[in-house]
Amino acid sequence: MQNEGKKRYVIKVGTSTLTHKTGKVNIARMNKLVSVLADLHNMGHEIILVSSGAVGIGMGRLNLKERPTQTKELQALAAIGQGKLMFMYDKLFGEYDVVVSQLLFTFDVLENADSRAHLLDTFNQLLSYGAIPIVNEYDSVSVEELLNGDNDCLSATVAALTDADMLIMFTDTDGLYDSNPSENENARLIELVERITPEIENLAGGAGSRGTGGFSTKIKAAKIATEAGVPVVIANGAKPTKIYKIIDGENVGTKFLPCKDG
């Protein structure tokens with residue numbers, strides 16, 4: 001692939017990308033994801049990773065077969081899983097001599113001008129150190145993303161805040177379809193969305209199987225990012241090496257163009 005100068009990429013991975021249906025970590029996929037991001041880092045790009053998976057990993061640690069419904073249970077599982085998630089990232093990135101950092105925060109931090117500015121300063125300083133920030137909502141004290149978004153909107157907000165060159169969101173589908181592919185074998189993948197219209201929003205389906213973020217939250221996230229001038233690609237996270245094709249401009253998944261006045 002061609003390296004056309006340093007770029008800043010926000011990569012979002014959901015629970016379905018990081019775990020098996022059993023709730024246990026998908027070690028092979030996580031290894032591949034880390035190797036690709038470390039490689040992009042070595043090329044000189046700045047990488048911010050927004051990672052879900054704490055609740056799923058917490059379930060795996062406790063051998064729970066079904067996702068609990070009570071908020072307090074989800075918060076506790078996030079607290080259990082977050083440490084393991086960061087331990088794995090630190091270990092895997094460390095094999096490539098890449099330093100990672102953990103950033104946990106809540107949406108109220110972004111709503112306050114002073115704390116928002118401090119957060120941006122932290123992002124920029126970490127990136128200037130050559131570290132990869134790994135971001136998650138502070139699920140044990142805040143529940144918005146925990147219950148409704150699987151970090152989709154958080155990743156878009158981070159992309160907008162840090163003036164990223166692109167937001168790449170990995171999920172368990174190939175992208176946005178013109179109808180439900182599980183119900184219609186002739187459903188067509190929409191490769192390019194120039195503008196997020198009400199019709200596009202209406203195509204979004206329900207919540208995913210293992211995370212909380214359905215396509216409706218991904219469209220909402222894409223709208224946040226594109227309105228801030230950040231292009232978005234939503235693609236299947238089963239093969240993290242697709243990132244190379246995405247940043248080379250190849251058609252992978254669904255690409256949302258930034259608003260012209262963004």
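**A mixed sheet and the helices packed on it**

Let me begin with one pair of residues: V50 has V135 of strand β4 as its bridge partner. From this pair I shall work outwards, first through the strands and then to the helices. Please bear in mind that this is a predicted model. The protein chain has a mean pLDDT of 87, and 89% of its residues reach 70 or more.

The pair just mentioned belongs to the pairing of strand β2, residues 46-51, with β4; these strands run parallel and are joined by two bridges. L49 also takes part, with I134 in β4 as its bridge partner. On another side of the pairing scheme, strand β3, residues 100-105, runs parallel to β4 and is joined to β4 by six bridges. Here V135 appears again, as the bridge partner of L103.

How much of strand β4 is buried? Six of the six residues of β4, residues 132-137, are buried, so the strand is largely enclosed by the rest of the structure. The side chains can be sorted by direction: I132, I134 and N136 point one way, P133, V135 and E137 point the other way, and all are buried. Note that the buried set includes N136 and E137.

Strand β2 may be described in a similar manner. It is mostly covered, with six of its six residues buried. E46, I48 and V50 lie on one side of β2, and I47, L49 and S51 on the other; as all of them are buried, both faces are covered. Strand β2 also pairs with β1 in the parallel sense, over six bridges. In that pairing, Y9 has I47 of β2 as its bridge partner.

We may now place these strands in the whole sheet. It is an open sheet of eight strands, in the order β3-β4-β2-β1-β5-β7-β8-β6, and the pairing is mixed. Which strands stand at the edges? They are β3 and β6, the latter at 192-193; each has a single partner strand, so one side of each is left without a neighbour in the sheet.

Helices pack on this sheet. Helix α4, residues 71-94, touches β1, β2, β3 and β4, and its direction makes about 155° with that of β3. Helix α10 lies across β5, β7 and β8, and runs at about 155° to β7.

Helix α10, residues 215-227, also meets helix α8, residues 152-161: their axes come within 8 Å and cross at roughly 10°. Since an angle under 35 degrees counts as roughly parallel, that crossing makes α8 roughly parallel to α10. The contact is made by D152, C153, A156 and T157 of α8, together with T217, K218, K220, A221, I224 and A225 of α10. These residues divide into five nonpolar, two polar and three charged.

Is helix α8 mostly covered or mostly open? It is mostly covered, since nine of its 10 residues are buried. Among the buried residues are D152, C153, A156 and T157, which also take part in the contact with α10. Just after α8, D163 takes a positive phi of about 55°.

I close with a caution. Over residues 206-213, pLDDT stays under 50, although the model has 27 contacts for this stretch beyond four places in sequence. Where pLDDT is low, the predicted coordinates should not be read in detail.

Definitions and conventions:
Residues numbered from 1 in each chain as written. Predicted model: local features only at pLDDT ≥ 70, side-chain atom pairs only at ≥ 80, totals over all residues. Heavy atoms only, no water. pLDDT = per-residue confidence, 0-100. Contact = heavy atoms within 4.5 Å. Axes fitted to C-alpha atoms, helices over the stretch in contact; angles between N-to-C directions. Helix = DSSP H or I, 4+ residues; strand = E, 2+ residues; numbered from the N terminus. Parallel < 35°, antiparallel > 145°, perpendicular 65-115°, else oblique. Nonpolar A, V, L, I, M, F, W, Y, C, P; charged D, E, K, R; others polar. Buried < 20%, exposed > 50% of the residue type's maximum accessible area, 1.4 Å probe, protein only. Pairing = 2+ DSSP bridges.
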